[in-house]
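User: Could you take a close look at one part of this model for me, the aromatic residues and the helix that carries them? I would enjoy a connected walk through that region and what surrounds it.

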Amino acid sequence: MSASLLHRFFPFLAVLGSVTALGIGTSWAKHWLFPVVGAQGTTAVRVGFSALLVLLLWRPWRWHLSRADARAIMLYGAALGGMNLMFYMSLRTLPFGLAVAIEFSGPLAVAIWSSRRAVDFVWVALAMAGLGMLLPLGLNGSTLDPVGVLYALGAAVFWALYIVFGKRAGHLHAGHTVSLGLLVAALVVVPVGVVHAGAALLSPTVLLIGIAVAAVSSAIPISLEMMALKRLPKEAFGIMISMEPAVAAVLALLLLGEHLSAIQWLAIGCIVAASMGSAMTAGRPSGAIAHRLGISRPEGWPSR
């Protein structure tokens, strides 16, 4: 009986484990790497090692790549690099959970934009209510740093572009697209990190933590999600992935001591509800809100 229950619930546990691993990796990066190499250096180490791990995993040189596909992957990878850099820059002054919640507006906008049904206005209203509680608009007494919010919104824009460009390369093998896309992302962000952090990036401590962060927030989530997608309907997968802002906020509380107000928790709840609702009612079950890491999901979702 216990084995049967484990088999039944394993896909859900795998998705929860994936989201948790991603949050732990980002929390480690903020706690251990930010003080040493800053947000720019952290992005360089995180994306650089992730690219190496995924290249070794998928070995994209085995597949042919046309010129048109190469252009699509370059745009895809550049958007991924910009998204990672903007997200880590936002974490300098924003709590982790709130940065993820604001960033989620990007893929949510893509998901809703692709549909014109009346029910989508409900999800738009929920998302706008959540963002309205977070953004420093001068109306809600928000104390969030405006510059940090702008970086999080920039990450949301790049996330949306990442999904749009990922669709153009959607006919390629997922491992081919993401491995080369991460390589392009590394070429975008590593020079920025080198200029900012310099030789500090070569510190043995930074390199070891960077490898650990890349493994925990790339290799583990990728493996778990690939196993989960074999057993879960894609709409259910998308609904579960929508938990990420809430999981990030809980992990930030436990690992980083980042406490949120009741209004901020409510805002995260609204954005999570909007994401879940969008996934449940999407015309195409695999809609944009159901993709984050970009390997096991056709349209791609970034790896932080």
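Analyst: Here is a walk that begins with the whole chain, turns to the aromatic rings and then follows the helices and loops.

A word on the ground rules: this is a predicted model, in which local features need pLDDT of at least 70 and side-chain atom pairs count only at pLDDT 80 or more, while totals for chains, interfaces and linings use all residues. Residues are numbered from 1 along each chain as its sequence is written, and side-chain values use heavy atoms, with hydrogens and water left out.

The chain holds 11 helices and zero strands, where helices (H or I, at least four residues) and strands (E, at least two) are DSSP runs numbered from the N terminus. Along the sequence the pattern therefore reads α-α-α-α-α-α-α-α-α-α-α. Of the 304 residues in the chain, 55% are buried; buried means under 20% relative accessible area, exposed over 50% and partly exposed in between, with a 1.4 Å probe and protein chains only.

Now to the rings. Rings of Phe, Tyr and Trp (its six-membered ring) pair if their centres lie within 6.5 Å, and planes under 30 degrees apart count as stacked, over 60 as edge-to-face and the rest as tilted. By that rule there are five aromatic pairs. In one of them, Phe87 and Tyr88 have ring centres 5.8 Å apart and planes at 75 degrees, so they meet edge-to-face. Phe87 and Tyr88 are both buried. Phe87 also pairs with Phe96: their ring centres are 6.2 Å apart and their planes lie at 70 degrees, so this pair is edge-to-face too. The relative accessible area is 0% for Phe87 and 2% for Phe96, so each of these residues counts as buried. Ring pairs join Phe34, Phe87, Tyr88 and Phe96 into a cluster.

The helix to follow next is α2 (67–90). α2 has 24 residues and spans 35 Å from its first C-alpha to its last, close to the 34 Å expected at 1.5 Å a residue; the expected span is 1.5 Å times one less than the number of residues. Of the 24 residues of α2, 17 are buried, so the rest of the structure largely encloses this helix.

α2 packs against helix α3 (residues 96–103) at an angle of about 140 degrees, with the axes 9 Å apart. Axes here are lines fitted to C-alpha atoms, for helices over the stretch in contact, and angles run from 0 to 180 degrees between N-to-C directions. The two helices α2 and α3 are therefore oblique to each other: angles under 35 degrees count as roughly parallel, over 145 as roughly antiparallel, 65 to 115 as roughly perpendicular and the rest as oblique. The crossing of α2 and α3 is right-handed; a crossing is left-handed if the near helix is turned anticlockwise from the far one by less than a right angle, and right-handed if clockwise.

Just before α2 comes a loop that deserves a stop. Arg59 is found in the loop between α1 (2–58) and α2, and at 39% relative accessibility Arg59 is partly exposed. Arg59 is not a glycine, yet it has a positive phi of about 45 degrees. Although 117 residues separate Arg59 from His176 along the chain, their C-alpha atoms are 7.7 Å apart. Arg62 lies over the face of Trp63, at 4.6 Å from the ring centre; a charge sits over a ring if NZ of Lys or CZ of Arg is within 6 Å of the ring centre and within 35 degrees of the ring normal.

From Ser90, a link leads to another loop: the C-alpha atoms of Ser90 and Asp145 are 9.2 Å apart, with their positions 55 residues apart along the chain. Asp145 is found in the loop between α5 and α6 (146–168), and with a relative accessible area of 25% Asp145 is partly exposed.

That brings us to α5. The axes of helix α5 (residues 120–134) and helix α11 (residues 262–281) come within 8 Å and cross at roughly 160 degrees, and the two are therefore roughly antiparallel. α5 passes α11 in a left-handed crossing. Asp120, in helix α5, is buried at 5% relative accessibility. The C-alpha atoms of Asp120 and Thr281 are 8.2 Å apart, across 161 residues of sequence.
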